[in-house]
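Please examine the sequence and the three-dimensional model shown below. The report that accompanies them is set out in running text with one small table.

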Amino acid sequence: MKKFFVLSLFLFFFVHLGFSQVTLVSWNLKNFGKSKTNEQIAYMANILCDYDIVVIQEVVTGLAGAQKVAQLADELNRKGNKWDYVVSDPTKSTGQRSERYAYLWKAKNIKLKGRPFLDKKFEQQIEREPYMATFEYKNKEFTVASFHAVPKSSKPETEIKYLKFFPKEYANLFFFVGDFNLSQSHSVFNPLKDLGFNPLFKNQKTSLKQECINGECLANPLDHIFYKNEKVKVLNQGVLLFYKDFHNLKEARKLSDHIPVYIEFNLK
């Protein structure tokens, strides 16, 4: 009886004090468009369907990119929940570096507030400007910035240094997610950390090697989730080692050369 009372008391506070629990997964999907087969889309849906919000980087700018996002949403809908999605305009960068971002979310649990947009304030300094989206869960709002930095050879730190200005512009900005092409230990992230944005992972490798060497298949820590410590309570975190479902890394890399990263959290 005592255990039942304690459990009931916990559930009362959980519901009535407004604790909010959300799962979010971020994935660079490597030229997400024509290169992805129906079987690959179905596979993605199988591993992403348990999350509330899916954040995708590297959607191709042509019509095929938006079509594949729609196809992924359709596959997710077949898993028992209604999903909504939105795809960004092409980023301002030219040539092969131009791309789109996408968000997908479970409509039952999550509401989109306003229309997501590519931030233009620093478009002269950032090639693939962050894609900003604000969501609501149980009357609590939070903004996510999805970002794909330039390759390491082009010095992503020259772009990342401008992210420190975003929290002042967006009061509910609680997450920076995406492919930063740089380790979270780099000093360029210190201003964000000083503002209370903690890296979810430390030295967690997220890019795939060309082939596994002595059982090691991951190369560099490039994909991150930075969260606002005073606003977010982390309940769980991890990476999805999808490549283990494939015979070799060559086959896995046809899907993506990055693994997904995820967070489960409460909003304080």
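The following report treats a pair of helices, two buried residues and three asparagines.

The model is predicted: local features need pLDDT of at least 70, side-chain atom pairs count only at pLDDT 80 or more, and totals for chains, interfaces and linings use all residues. Residues are numbered from 1 along each chain as its sequence is written, and side-chain values use heavy atoms, with hydrogens and water left out.

**Helices H2 and H3**

Helices (H or I, at least four residues) and strands (E, at least two) are DSSP runs, numbered from the N terminus. Helix H2 covers residues 38-48 and helix H3 residues 63-77; their axes come within 9 Å and cross at roughly 55°. This makes H2 oblique to H3. Axes are lines fitted to C-alpha atoms, for helices over the stretch in contact, and angles run from 0 to 180 degrees between N-to-C directions. Angles under 35 degrees count as roughly parallel, over 145 as roughly antiparallel, 65 to 115 as roughly perpendicular and the rest as oblique. The crossing of the two helices is right-handed, a term that applies if the near helix is turned clockwise from the far one by less than a right angle.

On the H2 side, the contact (heavy atoms within 4.5 Å) is made by Asn-38, Ile-41, Ala-42, Met-44, Ala-45 and Leu-48, which meet Lys-68, Gln-71, Leu-72, Glu-75 and Leu-76 of H3. The residues of this contact divide into seven nonpolar, two polar and two charged. Here Ala, Val, Leu, Ile, Met, Phe, Trp, Tyr, Cys and Pro count as nonpolar, Asp, Glu, Lys and Arg as charged, and the others, Gly among them, as polar.

H3 has 15 residues and reaches 21 Å from its first C-alpha to its last, close to the 21 Å expected at 1.5 Å a residue; the expected span is 1.5 Å times one less than the number of residues. Its buried residues (under 20% relative accessible area, 1.4 Å probe, protein chains only) are Ala-64, Gly-65, Lys-68, Val-69, Leu-72, Ala-73, Glu-75 and Leu-76.

**Two buried residues**

Asp-119 lies in the loop between strand E5 (111-118) and strand E6 (131-137). At 2% relative accessibility, Asp-119 counts as buried. Not counting residues up to four places away in sequence, Asp-119 touches Glu-129, Pro-130, Met-132, Phe-166 and Tyr-170. Its C-alpha atom is separated by 6.3 Å from that of Tyr-131, twelve residues apart along the chain.

Val-261 belongs to strand E14 (residues 261-267) and is buried, with 1% relative accessibility. With residues up to four places away in sequence again not counted, Val-261 touches Leu-24, Val-25, Ser-26, Phe-201, Thr-206, Asp-223, Ile-225, Gly-238 and Val-239.

**Three asparagines**

The table gives their places and accessibility; exposed means over 50% relative accessible area, and partly exposed lies between 20% and 50%.

| Residue | Place | Relative accessibility |
|---|---|---|
| Asn-31 | strand E1 (residues 20-32) | 41%, partly exposed |
| Asn-203 | loop between E9 (197-199) and E10 (208-213) | 52%, exposed |
| Asn-220 | loop between E11 (216-218) and E12 (223-228) | 38%, partly exposed |

Most residues other than glycine have a negative phi. Asn-31, however, has a positive phi of about 55°, and phi of Asn-203 is near 60°, also a positive value. Asn-220 touches Lys-205, Thr-206 and Ser-207, not counting residues up to four places away in sequence. The C-alpha atoms of Asn-220 and Ser-207, 13 residues apart along the chain, are separated by 5.5 Å.
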